[in-house]
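Q: Please take a close look at one part of this model and explain, step by step, what surrounds it and what it is joined to. After that, widen the view to the contacts between side chains elsewhere in the chain.

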Amino acid sequence: MLEIRNLQKHYGGRTVVNIPDLTIRDGETIGLVGNNGAGKTTLFRMLLDLIRPDAGEVLSKNENVASTDKWKDYTASYLDEGFLIDYLTPEEYFMFIGSLHNLSAAHVADYLKQYEEFFNGEILNRGKYIRDFSKGNQNKVGIAAALMQKPELLILDEPFANLDPTTQIRLKTLIKSLKATHRLTTLISSHDLNHVTDVCDRIILLEKGVVIKDFKTDENTLKELEAYFSE
């Protein structure tokens, strides 16, 4: 699905990402973990061609994301509230996203029904603009909108942040369900080691832009990560 080759990004003379080789296979759920400044968000932004690398390339289905738009047809993401149009209500925003994918108002309304539990009565029919919602509820809007196009590849930056415990559990259930029913390839960055080890079948540990460890999750993964970050 994704292949990274000799990818580098520098800011102010400092290397923030330096990954010689990394492959993400179809259907994998990948957890990207690391302390602040590890390069997680920078990596995601290069995967989405939001910023260009100083060296190397990102290939999506064997094509460079900087040279083609084909990957946009099957890739969805939510990194932060900057992905939203905050002067719209959630209903208006969902309708706008639906229109980009040739969905009618009826199709959008039908799509949103599956997120009633996830929204927990806090999103729709509130008479509020997106900018007036909490960060957690903005996350809900962004994630639901990203999934509207039924992507093959989903990229989420800190999706569990600012969510209440109930919604965190519902999001984990949603991610697991999508993997099982749609063979969705998902990349998730998170500071929450419990959640990321629970939903991901592979963990990539980044430190100062370098992959320190890349391993499949098992019953010992959480302890290994806790030991690493306790040093």
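A: The answer begins with one strand and its neighbours, and then turns to charged and aromatic side chains. The model is a predicted one, and the part chosen for the close look is strand 8, which covers residues 185-189.

Five of the five residues of strand 8 are buried, so this strand is largely enclosed by the rest of the structure. In a regular strand, side chains point alternately to one face of the sheet and to the other. For strand 8, both of these faces are covered, with Thr185, Leu187 and Ser189 buried on one side, and Thr186 and Ile188 buried on the other.

Strand 8 also has partners in the sheet. It pairs with strand 3 in the parallel sense over four bridges, and Ser189 of strand 8 stands opposite Leu32. With strand 7, residues 153-157, strand 8 again pairs in the parallel sense, here over five bridges, and Ile188 in strand 8 is the bridge partner of Leu156. Between strand 7 and strand 8 the chain passes through helix 6, residues 165-182, and the β-α-β crossover made in this way is right-handed.

Strand 3, one of the partners of strand 8, offers a way into the salt bridges, of which a search of the whole structure finds 18. One of them joins Glu28 to Arg202, with the closest N and O atoms 2.9 Å apart. Glu28 lies in the loop between strand 2 (14-24) and strand 3 (29-33), while Arg202 belongs to strand 9 (residues 202-207), so this pair ties together parts that are 174 residues apart in sequence. Glu28 and Arg202 are both buried.

Other salt bridges have partners with more of their area accessible, and the pair of Asp49 and Arg52, whose closest N and O atoms are 2.5 Å apart, is an example. Asp49 has a relative accessible area of 21% and is partly exposed, and Arg52, at 46%, counts as partly exposed as well. Lys135 forms a further salt bridge with Glu81, where the closest N and O atoms are 2.8 Å apart. This pair links distant parts of the chain, for Lys135 is in helix 5 (residues 135-146) and Glu81 is in the loop between strand 6 (75-78) and helix 2 (90-100), 54 residues away. Lys135 is partly exposed at 41% relative accessibility, and Glu81 is partly exposed at 37%. Returning to the earlier pair, Glu28 and Arg202 belong with Arg25, Asp214 and Lys216 to one network, joined by salt bridges that share partners.

Aromatic rings make contacts of another kind, and the count comes to eight aromatic pairs. In one of them, Phe118 and Phe119 are 6.2 Å apart from centre to centre with 40° between their planes, which is a tilted arrangement. Because residues under 20% relative accessible area count as buried, Phe118 at 5% falls in that class, and Phe119 at 3% does too. Ring pairs also link Phe118 and Phe119 with Tyr93, Phe94, Tyr111 and Tyr115 in a cluster.

Finally, charges and rings meet directly: the charged end of Lys61 sits over the ring of Tyr74 at 4.1 Å from its centre, and Lys128 lies over the face of Phe133, 4.5 Å from the ring centre.

Technical notes. Residues numbered from 1 in each chain as written. Predicted model: local features only at pLDDT ≥ 70, side-chain atom pairs only at ≥ 80, totals over all residues. Heavy atoms only, no water. Salt bridge = Lys/Arg side-chain N within 4 Å of Asp/Glu carboxyl O. Helix = DSSP H or I, 4+ residues; strand = E, 2+ residues; numbered from the N terminus. Buried < 20%, exposed > 50% of the residue type's maximum accessible area, 1.4 Å probe, protein only. Pairing = 2+ DSSP bridges. Right-handed = clockwise from strand over helix to strand, strands pointing away. Phe/Tyr/Trp six-rings, centres within 6.5 Å; stacked < 30°, edge-to-face > 60°. Lys NZ or Arg CZ within 6 Å of the ring centre and 35° of its normal.
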